[in-house]
Amino acid sequence: MCCTDMALAYVEAHASWGAANTKPSLGRDHSAFVAVAPDGSARAEFAVEGVRCAACMKAIERGLAPMPGVASARLNFSDRRLAVTWTREAEPDVPAILAALEMLGYTAQPFAPGGLADAEAAETKRLIQALAVAGFASMNVMLLAISVWAGNISDMSPENRDLFHWIQAVIVLPAAAYAGRPFYEGAVRGLRAGRVTMDFPITLGVVLTLVMSVVESLSGATHAYFDGAVMLLFFLLIGRVLDQAMRQRTRAFAENLAALRCERATLAGPDGGLRDVPLAELAPGARILVRPGERVPADGLVENGTSDLDQSLVTGETAAVAVRGGDRVFAGALNGSGALTVRVTAAAGASLLDEVEGLMRRALEARSRALVLADRATRLYVPFVHAGAALTFVGWLAAGAGWHAALLDAVAVLIVTCPCALGLAIPAVQVVAAGALFREGVLLNDGTALERFAQVDTVVFDKTGTLTLPEPTLSGGRYAPAALESAARLALSSRHPMSAALVAAAGPAEPFPGAQEAAGLGVRAVVGGVELRLGSARFCGAEAEAAAAVAADPEASVICFRAGDGAPAAFPVRQGLRPDAAEVVAGLAALGHRVLILSGDRAASVEAVARRLGIAEWEAGLTPQDKIARIEALERAGRRVLMVGDGLNDAPALAAAHASLSPVTAAHVSQAAAHALFLGRSLAPVLSVLAAGRRARRLMLQNLWFSAVYNVLAVPLAATGCLTPLIAALAMSGSSLAVTANALRARLATMPAPVPAAHRPTAPAPVAGTS
């Protein structure tokens with residue numbers, strides 16, 4: 001395993017974290033990284049480097065648990081973020097945590113969204129450069145090695161063979177010194193902390209292979225093994241680069257949430273004066289001013305002013321919501337056209353935005369212990385290969401063989417059991433399947449996504465922007481051309497999202513000069529002595545027309561137009577269904593999947609969509625907390641849920657679901673929480689990811705079984721002297737090629753055949769509130 005019990009004992013032996021030896025003089029104030037919860041407990045997050053497997057995670061969590069005041073330490077394996085919580089009575093001690101992690105052999109720093117971009121980019125660049133060096137050296141050395149192999153069975157002279165060996169040495173030795181640094185550094189760091197990591201046998205195998213090759217070249221032997229060492233590094237670096245790329249993706253969600261958070265607020269004093277203050281100074285009851293274009297800094301109630309706000313955080317709706325005195329607003333909402341005076345009800349740390357972030361963080365931490373099958377298998381790698389090599393060496397010495405022959409067989413065991421095939425069993429399938437899905441418009445966002453999609457038996461859809469298209473369109477009806485043209489010209493002066501539907505329907509036009517927008521109401525202009533109005537039903541005096549339009553199309557929102565004293569017009573605007581939504585839902589039902597809609601939209605709109613798609617189970621008016629509660633209930637009932645959503649309010653549900661999928665037009669935080677994103681207007685990628693997941697899981701299991709059988713057969717052959725290091729290197733490379741070749745089968749079509757209309761199942765009539 002990666003982190004041995006010896007390491008844990010080492011940590012526990014150093015668990016007396018006295019102030020004299022745990023607080024290094026760092027010269028930094030870490031208080032900005034500590035958040036205090038309403039119950040008085042403190043929490044800080046750290047970015048930890050060097051975590052390679054589940055045993056590393058276990059060592060860190062168990063190693064920090066004995067520290068005074070630490071209530072819990074949880075490491076998210078997917079993005080290597082460590083969350084440490086202190087009790088109410090304890091003083092948060094960030095330097096002590098950093099020192100403890102350093103003692104455990106891990107490099108760490110306080111997590112700061114946006115502050116890790118340079119470090120991540122530098123590490124990715126370093127790994128890619130190492131991979132490029134190893135790949136270049138492998139290609140050149142293999143050309144020389146093939147010549148030597150051919151010459152050994154023909155008429156190559158010993159002098160030429162020795163020359164080829166030394167040319168290989170000149171290429172491989174500097175290349176291996178550079179390309180192997182990620183493994184060498186990890187092995188040394190682990191040894192300094194008293195741990196034997198998975199990097200150690202890799203380093204040992206490479207170093208022994210290179211030393212043996214140099215010794216064999218000096219003695220003019222027939223074989224050298226430079227090619228095996230550099231190819232080993234090349235294959236292992238592929239997996240390391242893929243792992244780094246996945247971690248960069250998963251860390252993005254904190255930066256996306258931070259973009260919605262205000263750092264300061266405009267505080268209105270009792271005397272009417274305004275003062276710019278940090279968000280931490282706000283308290284419930286404070287009055288703040290929110291100007292047009294600013295984000296609301298805290299939850300509260302509107303006291304004065306009217307405006308329209310983008311509150312997709314709560315409702316998931318792309319359309320702005322008109323607010324006035326008495327309406328509730330939430331932190332992170334974007335203010336539209338008017339200034340608002342808001343009385344704070346929940347300040348920093350207790351707002352809905354903080355709750356959304358907390359829900360997603362807890363969902364991600366709960367998921368962190370579900371590791372891929374390869375991680376479970378690699379826990380046995382270190383003791384297995386070390387014991388096998390040591391027994392081989394000792395056994396041959398006891399049998400009377402010389403140290404040279406015994407060491408040669410021990411090195412063969414190290415090489416033949418190198419985890420190339422095991423390390424590629426999962427990443428190779430992921431890469432090939434990801435390429436196949438990309439051609440179908442799907443972008444994977446998580447290393448475990450394919451395995452998760454393979455286990456799905458229940459699909460939950462959000463409505464707005466997921467089953468429907470993100471852009472609004474004018475819905476049906478016949479309109480007077482003059483009224484539509486005038487409304488569209490007024491719409492060009494409006495910032496309301498629904499106005500774009502009128503502009504798109506009317507075609508190219510010029511805005512009316514002098515048009516003015518009334519905050520939260522609409523747009524007016526005087527043309528030829530006649531006042532034109534576009535906006536809400538109340539603003540245009542079109543309540544009856546708007547009610548008739550909604551009755552005719554419950555899914556639509558209404559934007560009204562009136563010219564002077566003439567009859568008003570009501571334009572229903574809606575987000576149309578994705579063109580293949582009905583076929584995809586029918587396909588899911590035909591495959592035996594349970595399908596539901598969980599939406600924050602109003603009941604009439606959700607019911608209409610559910611009826612059109614034949615979905616019997618739906619719920620409307622749900623908050624982010626409601627959605628995550630419904631998904632958790634399904635999971636407790638034994639279901640494996642795929643959540644398909646796009647709004648910021650869907651982010652916690654996407655993180656909590658067993659698997660998740662978002663359109664690329666989704667909010668950034670939803671994109672980061674989802675396991676995959678899909679492009680375009682089609683909903684067919686939902687079927688694609690499920691089919692690709694099943695195929696990928698089957699291929700992954702085949703690769704893992706092949707790797708296990710390969711080691712079971714190869715280790716005894718190497719231990720009994722039947723394999724030289726050269727043959728062991730060939731066998732190791734051959735096993736990797738076999739795994740890769742099997743993974744290429746994931747390129748086959750992943751999209752199931754569409755369900756013919758005549759064979760689509762007829763769903764029962766929708767019933768509101770079913771779950």
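The exercises below work through salt bridges, helix crossings and surface residues in a predicted model.

**Exercise 1. Determine which residues are joined with Glu 303 into one network of salt bridges, and where in the chain they lie.**

Solution. Begin with Arg 287, which forms a salt bridge with Glu 303, the closest N and O atoms being 2.9 Å apart. Arg 287 lies in strand 8 (residues 287-290) and Glu 303 in strand 9 (residues 299-304), so this pair ties together parts of the chain that are 16 residues apart in sequence.

Next, take the salt bridge in which the side chains of Arg 343 and Glu 303 meet, at 2.4 Å from N to O. Because Arg 343 belongs to strand 14 (residues 340-346) while Glu 303 belongs to strand 9, the pair ties together parts that are 40 residues apart in sequence. Glu 303 is thus a partner in the bridge with Arg 287 and in the bridge with Arg 343, and salt bridges that share partners join Arg 287, Glu 303 and Arg 343 into one network.

Finally, consider accessibility, for which the partly exposed class runs between 20% and 50% relative accessible area. Arg 287 counts as partly exposed at 24%, Glu 303 at 30% and Arg 343 at 33%.

**Exercise 2. Find the salt-bridge partner of Glu 185, and describe how helix 7, in which Glu 185 lies, crosses helix 8.**

Solution. The side chain of Glu 185 meets that of Arg 126 in a salt bridge, with an N to O distance of 3.0 Å. This pair links distant parts of the chain, since Glu 185 is in helix 7 and Arg 126 is in helix 5 (residues 117-152), 59 residues apart. With a relative accessibility of 35%, Glu 185 counts as partly exposed.

Turning to the helix itself, the axes of helix 7 (residues 181-192) and helix 8 (residues 199-218) come within 8 Å and cross at roughly 120°. An angle of 65 to 115 degrees would count as roughly perpendicular and one over 145 as roughly antiparallel; helix 7 and helix 8 are therefore oblique to each other. The crossing in which helix 7 passes helix 8 is left-handed.

**Exercise 3. Classify the orientation and the handedness of the crossing between helix 20 and helix 21.**

Solution. First read the geometry: the axes of helix 20 (residues 481-491) and helix 21 (residues 499-506) come within 8 Å, and they cross at roughly 130°. From this angle it follows that helix 20 and helix 21 are oblique to each other. As for handedness, helix 20 passes helix 21 in a left-handed crossing.

**Exercise 4. Identify the members of the nonpolar surface patch that includes Val 709, and place Val 709 in the chain.**

Solution. The patch on the surface is formed by Leu 701, Trp 705, Val 709, Val 712 and Leu 713, which together have about 540 Å² of accessible area. Val 709 is found in helix 29 (residues 685-719). Its relative accessible area of 45% makes Val 709 partly exposed.

**Exercise 5. Locate Leu 591 and state how far its C-alpha atom is from that of Asp 457.**

Solution. Leu 591 has its place in the loop between helix 24 (581-590) and strand 23 (594-598), and it counts as partly exposed at 42% relative accessibility. Although Leu 591 and Asp 457 are 134 residues apart along the chain, their C-alpha atoms are separated by 9.2 Å.

Definitions and conventions: Residues are numbered from 1 along each chain as its sequence is written. This is a predicted model: local features need pLDDT of at least 70, side-chain atom pairs count only at pLDDT 80 or more; totals for chains, interfaces and linings use all residues. Side-chain values use heavy atoms; hydrogens and water are left out. Patches are made of residues with over 30% relative accessible area and no salt bridge: like charges are joined within 9 Å, nonpolar side chains (Val, Leu, Ile, Met, Phe, Trp, Tyr) within 5 Å. Accessible areas come from the Shrake-Rupley method with a 1.4 Å probe; for residues, only the protein chains shown count as cover. A salt bridge is a side-chain nitrogen of Lys or Arg within 4 Å of a carboxyl oxygen of Asp or Glu. Helices (H or I, at least four residues) and strands (E, at least two) are DSSP runs, numbered from the N terminus. Buried means under 20% relative accessible area, exposed over 50%, partly exposed in between (1.4 Å probe, protein chains only). Axes are lines fitted to C-alpha atoms, for helices over the stretch in contact, and angles run from 0 to 180 degrees between N-to-C directions. Angles under 35 degrees count as roughly parallel, over 145 as roughly antiparallel, 65 to 115 as roughly perpendicular and the rest as oblique. A crossing is left-handed if the near helix is turned anticlockwise from the far one by less than a right angle, and right-handed if clockwise.
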